Every structure is written in structure tokens, then in C-alpha cells.
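Open the model in your viewer and keep the sequence panel beside it. The stops below say what to select and what is there.

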Amino acid sequence: MRVSDAAQLAPDHPIIVALEGRLLGIDSIHDLQQAGPNDELQDVMDDPVFLAADENLDHATDVIARHGSPVPVVDADHRLIGTVTATD
């Protein structure tokens, strides 16, 4: 997907990139603003910060405080199963 297409879908939110259900990366709002409109999401994404489904709440809170939200949540096979935000 091109950056311009993703920006139209979610202009004010980071884009979580997955392929066949597996988390690949995250495109921050800053990444999307700095990229060219024809750049592909996978070419400008950051390595993902994520939480495992069995993480405890204290760790999740620390990760969100350090990296912002949303934070992807993955299962043991690194499949994206959801996100968690500061307001959850």
C-alpha cells in the first residue's frame, strides 16, 4: 500500500503493518508525513514495539508510556491479535 492511500484511511493515527496476520512494523504519523506519497508503507515503517498477549498490565503500561499508543498485541506465533492504547 502506498503512503498516500494509508494517509487517507487513517490521517491521524499510526499504521500497523501486517502480512498474512503477522506483525511486520509500524508507520508512525511522523514517518507518514516525511515519506513521499508514492512510497510503500513497508519501505518507511519502523521495527514494531509490541506486547505479547500474556504480558502483565504493569509492563504494558510502561511500554505505552515509553512508546505511545496504540501498541500492537501478538500471540506466540507473532500474529497480530489486537492493539492496546493508553485509554484501555
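**Strand S4 and its sheet**

Start with S4, where Val71 and Val73 point one way while Pro72 and Val74 point the other way, and all are buried. In a regular strand, side chains alternate between the two faces of the sheet. This is a predicted model, to be kept in mind at each stop.

Now add the other strands of this sheet. It is an open sheet of 3 strands in the order S3-S4-S5, with mixed pairing. S3 and S5 are the edge strands, each pairing on one side only.

Which way do S3 and S4 run relative to each other, parallel or antiparallel? They run parallel and are joined by 2 bridges. To see one partnership, select Ala52 and look across to its bridge partner in S4, Val74.

On to S5: S4 and S5 run antiparallel, with 4 bridges joining them. Select Val71 and you will find Val84 of S5 standing opposite. Then follow the hairpin of S4 and S5, which has 5 residues between the strands. Stop at His78 in this hairpin, where phi is positive, near 65°.

**Helix H4**

Select residues 57-67, which make up helix H4. Which residues of H4 are buried? They are Ala60, Val63 and Ile64. These residues lie on the same side of H4, because they cover an arc of only 95° around the axis. Turn to the other side of H4 to find Asp58, Ala65 and Arg66 exposed.

Next, show what lies over the buried residues of H4: the cover includes strand S3 (51-52), strand S4 (71-74) and strand S5 (80-84). The sheet from the previous stop therefore supplies part of the cover, as S3, S4 and S5 are the strands in its order.

Look at both ends of the helix. At the N-terminal end of H4, Asn56 acts as a cap, with a side-chain oxygen 3.1 Å from the backbone nitrogen of Asp58. After H4 comes Gly68, which has a positive phi, near 85°.

**Strand S2: Ile26 and Asp27**

Move to strand S2 and select Ile26. Ile26 counts as buried because its relative accessibility is 14%. Display the C-alpha atoms of Ile26 and Pro14: they are 6.8 Å apart, although the two residues are separated by 12 residues along the chain. Beyond its neighbours within four places in sequence, Ile26 has contacts that include Pro14, Ile15, Ile16, Met45 and Val49. Pro72, met earlier in S4, is also in contact with Ile26.

Finish with Asp27, also in strand S2, which spans residues 22-27. What is the nearest side chain of opposite charge to this buried residue, Asp27? It is Arg2, 13 Å away, and Asp27 has no salt bridge. The side chain of Asp27 does reach the backbone nitrogen of Met45, at 3.0 Å. Show the surroundings of Asp27 and, leaving out residues up to four places away in sequence, you will find it touching Pro14, Ile15, Val17, Leu32, Leu41, Val44 and Met45.

Note on methods
Residues are numbered from 1 along each chain as its sequence is written. This is a predicted model: local features need pLDDT of at least 70, side-chain atom pairs count only at pLDDT 80 or more; totals for chains, interfaces and linings use all residues. Side-chain values use heavy atoms; hydrogens and water are left out. Buried means under 20% relative accessible area, exposed over 50%, partly exposed in between (1.4 Å probe, protein chains only). The arc is that of the directions from the helix axis to the C-beta atoms. Contact means heavy atoms within 4.5 Å. A polar contact is a pair of N or O atoms within 3.5 Å; within protein, one must be able to donate a hydrogen and the other to accept it, and residues adjacent in sequence count only if both atoms are side-chain atoms. Two strands pair if DSSP finds at least two bridges between them. Lys and Arg count as positive and Asp and Glu as negative; His and the chain ends are not counted. A salt bridge is a side-chain nitrogen of Lys or Arg within 4 Å of a carboxyl oxygen of Asp or Glu.
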